[in-house]
Amino acid sequence: MHVAVNAHVTKDNIEGRVATGVTFIKNNKKNTVYAKRALVLSAGSIGSPQILMLSGIDQKEHLESFKIPLLADLAVCRNLEDHMFSIICGPINISEAFTEPRGRPL
Ligand SMILES: Cc1cc2nc3c(=O)[nH]c(=O)nc-3n(C[C@H](O)[C@H](O)[C@H](O)COP(=O)(O)OP(=O)(O)OC[C@H]3O[C@@H](n4cnc5c(N)ncnc54)[C@H](O)[C@@H]3O)c2cc1C
């Protein structure tokens, strides 16, 4: 396996319905690598859909607005929801805070 560090993928190359490789930028140069067997897209919950969109997979109207040639009219990343959380601060008694359910200190 070859690992390219500081390389930014700009597109999955897809021919027909087969992903054949990726285009990436490294040292300001555009490169293409070809997959021997399969392509694994694992750029995270924001990066992966972005790469799919840049590759031409998303809803037609969205891709048209960026002049990206359409490959597949599919809804990508339409159900992403940020986790809601809040931090509540207040004074606590440490010995009571770290106890087992029955009240024994851990
Ligand atoms: C604040 C926070 C707290 C979390 N806490 C927990 C926890 O306690 N326990 C737990 O199990 N999970 C936790 N998660 C979730 C966990 O981080 C993710 O599920 C996990 O990191 C997903 O791994 P991944 O490899 O799919 O994606 P990521 O870890 O997101 O890795 C994606 C990689 O792709 C790279 N990338 C993106 N776009 C491109 C591109 N165009 N070209 C090249 N590289 C690119 C990114 O730089 C990144 O290195 C947390 C997430 C967050 C945000």
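User: What pattern does the protein follow along the sequence, and what makes a stretch count as a helix or strand?

Analyst: Read from start to end, the pattern is β-β-β-α-β-α-β-α. That comes to three helices and five strands. Helices here are DSSP runs of H or I with at least four residues, strands are E runs with at least two, and numbering goes from the N terminus. Keep in mind that this is a predicted model, where local features need pLDDT of at least 70, side-chain atom pairs count only at pLDDT 80 or more, and totals for chains, interfaces and linings use all residues. Residues are numbered from 1 along each chain as its sequence is written, and side-chain values use heavy atoms, with hydrogens and water left out.

User: How do you know that S1 and S2 pair?

Analyst: Two strands pair if DSSP finds at least two bridges between them. S1 and strand S2 (residues 18-26) have seven bridges in the antiparallel sense, so they meet that cut-off. One of the partnerships is Glu15 with Val18 in S2.

User: And what links S2 to S3?

Analyst: Six antiparallel bridges, with Val22 standing opposite Val33 in S3. The two strands make a hairpin with two residues between them, and Asn27 in the turn has a positive phi of about 50°.

User: Why are S1 and S3 called edge strands?

Analyst: The open sheet has three strands in the order S1-S2-S3, with antiparallel pairing. Strand S1 (8-15) and strand S3 (29-34) each pair on one side only.

User: What makes you say S3 is hardly covered?

Analyst: Buried means under 20% relative accessible area, exposed over 50%, and partly exposed in between (1.4 Å probe, protein chains only). Among the six residues of S3, the count of buried ones is zero. For the protein, 18% of the 106 residues count as buried.

User: Which residues surround the ligand, and how is that decided?

Analyst: A residue is near a molecule if one of its heavy atoms lies within 4 Å of it. The list is Ala7, His8, Val9, Ser42, Ala43, Gly44, Gly47 and Ile51. S1 and helix H1 (44-54) each give two or more residues to that shell, and H1 has the largest share, three residues.

User: How do you know that Val9 makes a polar contact with the ligand?

Analyst: A ligand nitrogen is 2.8 Å from a polar backbone atom of Val9. A polar contact is a pair of N or O atoms within 3.5 Å (within protein, one must be able to donate a hydrogen and the other to accept it, and sequence-adjacent residues count only if both atoms are side-chain atoms), so this pair qualifies.
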